[in-house]
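I opened this structure to see what could be looked up in it. My entries follow in the order I made them.

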Protein chains: 2
Amino acid sequence: MGQLNALIQQGQITDPDSPRGRLLDQAAQLFRQKGYERTTVRDIAGAVGIQSGSIFHHFSSKEDILRSVMSEALIYFTEILRDAISRAEGPRDKLLACIRSELQFTIGPDTTAIMSVLISEWRSLSSEVQQDILQYRDVYEQLWLDALQDTEEAGLLAGDMFVTRRLIAGAIHWTPYWFQLDGELSLEDLAMETLQMICCGKDIR
Amino acid sequence: MGQLNALIQQGQITDPDSPRGRLLDQAAQLFRQKGYERTTVRDIAGAVGIQSGSIFHHFSSKEDILRSVMSEALIYFTEILRDAISRAEGPRDKLLACIRSELQFTIGPDTTAIMSVLISEWRSLSSEVQQDILQYRDVYEQLWLDALQDTEEAGLLAGDMFVTRRLIAGAIHWTPYWFQLDGELSLEDLAMETLQMICCGKDIR
DNA sequence: GTCTATACCTCGATAGAC
DNA sequence: GTCTATCGAGGTATAGAC
């Protein structure tokens, strides 16, 4: 991943091979599987093979771990999404790139589905930390809104741009509850069904 | 509410004026506001003005409270939905009734938005209790699928029936994160936008 | 950077009086 | 049906040696 290495060198993302990076990876997995509240610092420490007290050399608190998981994931997702959009041609394909990318962040195998942590554990953050994370989220969301605006100007959008984004965000964020990566419906099929729902009544094939 | 009184008399739902009913109401509110894990039995007891030890005269465990909140909510929602569908005429209006009802369960003022507890706290249940609740959920979902099937047979449905239900479920369950009941967009507006997304390309006005 | 040891707290749940 | 009192478990976080 070219983007990942660039972000690591810019200091925006922790090197996954560092002790801190390994902790973040394992914490993200555990938060996704069991939820933040039910994951203990002992669990996280055990997953990387250290004692629980050693964690606090790398993070100031358990919430600090969740904050880091979320902010680094958002920074990474934003770059991946930006790249995917730039590689697509035309508003219809750029919007499809948004849908496909977010589905991959949410249920795909590569990113180990960390988007679901951002969604499910939002409430576990204090309001101060929420404000902190929202800065990154706004950048991500703007990429979506730009793509939707282009779609609208091309006459391909059926509903209101902002409402559409929110309805689609919900539809995508809910997929972990039912979608099976190895099922009959492929991720690409699902992306097409979703695109069709947004651009309804317009011929998008 | 005629349905509520009938369900109470059938013993399917706890009388809200009983001590147990008051506990369930307050627990549901707290679970919605703070989440199940962050709500303590002391919080719930305090909300109805008793001591925490007294709760265990009415419930065998904290999970038993969540189970009861969820199953009674589902039983109630199912009857409300069934009634709303039966009062609507034609597939388009019956589907709109489904959307409107579920939006009300999720963000409406009357039901105090308990649907969001069913969604957010699912993972906090043991798998045994999940199986228990799924029985009620299946009945609720079948009402949706029947309505969608009628819509499909009327040639009004754009995508696959099952995928559509899941995408729409996500869209609706996500609304608590952004929808403001006192905002410019009314719940009825939102229901119409959602219906339009499902029946895309078909003239549904 | 990790260890051991532990302080300190809060939680769910119980027991028995009233 | 509620109270008081409390138990035991398990949580986050700290301190200081190595």
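Which residues come nearest to DNA strand D? I noted first that the model is predicted. Of the 14 residues around strand D, the nearest are Gly53(A), Ile50(B), Gln51(B), Gly53(B) and His57(B). I sorted the surface near this strand by class and got four nonpolar, eight polar and two charged residues.

I then looked up DNA strand C. There are 14 residues around strand C, and Ile50(A), Gly53(A), His57(A), Thr40(B) and Gly53(B) come nearest. Its surface divides into four nonpolar, eight polar and two charged residues.

Next entry: the record for chain A. UniProt, in an unreviewed entry, places the feature "domain: HTH tetR-type" at residues 17–77 of chain A. I checked that stretch and found 66% helix and 0% strand. The C-alpha atoms at the ends of residues 17–77 of chain A are 19 Å apart.

Next entry: how the two protein chains relate. I laid chain A on chain B with an RMSD of 0.1 Å, using a turn of 180° and a shift of 0.0 Å along the axis. That is the relation of a two-fold axis. The same surface serves both copies, as 100% of the contact residues of chain A recur in chain B.

I went on to the contact between chains A and B. Chain A gives 24 residues to the contact and chain B gives 24 residues. On the side of chain A that touches chain B, α8 (161–173) and α9 (187–198) of chain A each supply at least two residues. The largest share of that side is the seven residues from α8(A). By class, the side of chain A that touches chain B has ten nonpolar, eight polar and six charged residues.

I looked at α8(A) by itself. Helix α8(A) has 13 residues and reaches 18 Å from its first C-alpha to its last, close to the 18 Å expected at 1.5 Å a residue. I listed its buried residues as Thr164(A), Leu167(A), Ile168(A), Gly170(A), Ala171(A), Ile172(A) and His173(A). What covers them includes α5, α6, α7 and α9 of chain A, together with α8 and α9 of chain B.

How many residues does α8 of chain B have, and what should they span? Helix α8(B), residues 161–174, has 14 residues, which should span 20 Å at 1.5 Å a residue; the end C-alpha atoms are 20 Å apart, so the two values agree. The buried residues of α8(B) include Gly170(B), His173(B) and Trp174(B). They pack against α8 and α9 of chain A, and against α5, α6, α7 and α9 of chain B.

Next entry: α4 of chain B. This helix, residues 62–87, has 26 residues and reaches 38 Å from first C-alpha to last, close to the 38 Å expected. Among its buried residues I noted Arg67(B), Glu72(B), Phe77(B) and Ile85(B). The buried residues of α4(B) pack against α2, α3, α5, α6 and α7 of chain B.

Last entry: Leu156(B), which I found in the loop between α7 and α8 of chain B. Is Leu156(B) buried or exposed? Leu156(B) counts as buried because 21 other C-beta atoms lie within 10 Å, and the cut-off is 20 or more. I also compared Leu156(B) with Ser18(B): they are 138 residues apart in sequence and 46 Å apart in space, C-alpha to C-alpha.

How values were computed: Residues numbered from 1 in each chain as written. Chains lettered and ligands numbered in written order. Predicted model: local features only at pLDDT ≥ 70, side-chain atom pairs only at ≥ 80, totals over all residues. Near = placed C-beta within 6 Å. Nonpolar A, V, L, I, M, F, W, Y, C, P; charged D, E, K, R; others polar. Helix = DSSP H or I, 4+ residues; strand = E, 2+ residues; numbered from the N terminus. Expected span 1.5 Å × (residues − 1). Buried ≥ 20, exposed ≤ 12 C-beta atoms within 10 Å, placed from the backbone. Contact = placed C-beta atoms within 7 Å. UniProt positions renumbered as here; feature names shortened; annotations may be inferred. Least-squares fit on C-alpha atoms with pLDDT ≥ 70 in both.
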